[in-house]
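Please keep the sequence and the 3D view open side by side while you read this note. It is meant to be followed point by point, with a pause to find each element in the picture.

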Amino acid sequence: GGGEDERGREAHEREKKYESEAVMSASFSRLVNRFGLSQAGVDLRYSIANAVERAVKTQFRLASATVFGSLPANLGIVTSDLDMVLSGVPDSRKAMHQVANKLETAGFSDVRVIAHARVPIVKCRVGSGPLRGVGVDLVFS
């Protein structure tokens, strides 16, 4: 009867959907394998995060930097910036400028405080080494 035909069509549609998802998943995996970061690239980015934290701790000893975004999700590519949340730092424009000064002293370049954004941020770039030019975005918690 008609019910069997409908169930058959539904099963066929589900099968097509799963095949499509499998193709997309395989394509995504190939992209990540081709453009994704090597373990060395991941390790280098975490070393930059540690350098940021050390620089900020010279002013705010309780500061800690936590990486979020594409890197911990294993979705980072060579052009990815490094997103971090700084905690243990006062939530003020003055503190943002103090953090910026410490980053400049530590050798980061293009350091900018964007205090009037919806989410205030300090942006900079790695100043030297194999990741020279990689962007770093710091938000404050």
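The points below go from the whole chain to the sheet, then to the helices, and finally to one loop.

1. Confidence in the model. This is a predicted model, and the protein chain averages a pLDDT of 89, with 93% of the residues scoring at least 70. Among the elements, β3 has the highest mean pLDDT, at 98, whereas helix α1, which covers residues 2-35, has the lowest, at 73. Where pLDDT is low, the predicted coordinates should not be read in detail.

2. Overall make-up. The protein chain contains three helices and five strands, and when it is read along the sequence these elements follow the pattern α-α-β-β-α-β-β-β. The radius of gyration is 22 Å, well over the 14 Å that the globule rule gives for 141 residues, so the chain is more spread out than a compact globule. In keeping with this topic, the C-alpha trace spans about 75 × 30 × 25 Å along its principal axes.

3. Surface and interior. Of the 141 residues in the protein chain, 30% count as buried, and the accessible surface comes to about 9100 Å², of which 52% belongs to carbon and sulfur atoms. If we take the contacts with a separation of 6 or more, residues 24 or more positions apart account for 49% of them.

4. The sheet as a whole. In what order do the five strands lie in the sheet? The order is β1-β2-β5-β4-β3, in an open sheet whose pairing is mixed. The strands β1 (64-68) and β3 stand at the edges, each with a single partner strand, so one side of each is left without a neighbour in the sheet. From one strand to the next, the twist averages 25°.

5. How the strands pair. Strands of a sheet pair through backbone hydrogen bonds, either parallel or antiparallel. Starting from one edge, β1 pairs with strand β2 (residues 82-87) in the antiparallel sense over five bridges, and here Thr66 stands opposite Val85 in β2. The pairing of β2 with β5 is in the parallel sense, again over five bridges, and Met84 has Leu138 in β5 as its bridge partner. Next, β5 and β4 run antiparallel and are joined by five bridges, with Lys123 standing opposite Asp137 in β5. Finally, strand β3 (residues 109-114) and strand β4 (residues 121-125) run antiparallel and are joined by four bridges.

6. Strand β5. Is β5 mostly covered or mostly uncovered? It is mostly covered, since six of its six residues are buried. Both faces of β5 are involved: Gly135, Asp137 and Val139 are buried on one side, while Val136, Leu138 and Phe140 are buried on the other.

7. Helices across the sheet. Which strands does each of these helices cross? Helix α2 (residues 39-57) lies across β1, β2 and β5 (135-140), running at about 30° to β2. Helix α3 (residues 93-105) lies across β2, β3, β4 and β5, and its direction is at about 175° to β3.

8. The hairpin loop. A hairpin of six residues joins β3 to β4, and Ile114 has Ile121 in β4 as its bridge partner. Val119 has its place in the loop between these two strands, and Pro120 lies in that loop as well. Val119 is partly exposed because its relative accessible area, 45%, falls between the 20% limit for buried and the 50% limit for exposed. Pro120, with a relative accessible area of 30%, is therefore also partly exposed by these limits.

9. What the loop lies against. Val119 and Val139 are 20 residues apart along the chain, and their C-alpha atoms are separated by 7.3 Å. Pro120 and Phe140 are likewise 20 residues apart in sequence, with 7.5 Å between them in space, C-alpha to C-alpha. Leaving aside neighbours within four places in sequence, Pro120 is in contact with Met96, Ile114, Ala115, Leu138, Val139 and Phe140. Three of these contact residues, Leu138, Val139 and Phe140, are among the buried residues of β5.

Definitions and conventions: Residues are numbered from 1 along each chain as its sequence is written. This is a predicted model: local features need pLDDT of at least 70, side-chain atom pairs count only at pLDDT 80 or more; totals for chains, interfaces and linings use all residues. Side-chain values use heavy atoms; hydrogens and water are left out. Two strands pair if DSSP finds at least two bridges between them. Buried means under 20% relative accessible area, exposed over 50%, partly exposed in between (1.4 Å probe, protein chains only). pLDDT is the predictor's confidence in each residue, from 0 to 100. Axes are lines fitted to C-alpha atoms, for helices over the stretch in contact, and angles run from 0 to 180 degrees between N-to-C directions. Contact means heavy atoms within 4.5 Å. The radius of gyration is taken over C-alpha atoms; the globule rule is 2.2 Å times the number of residues to the power 0.38. Accessible areas come from the Shrake-Rupley method with a 1.4 Å probe; for residues, only the protein chains shown count as cover.
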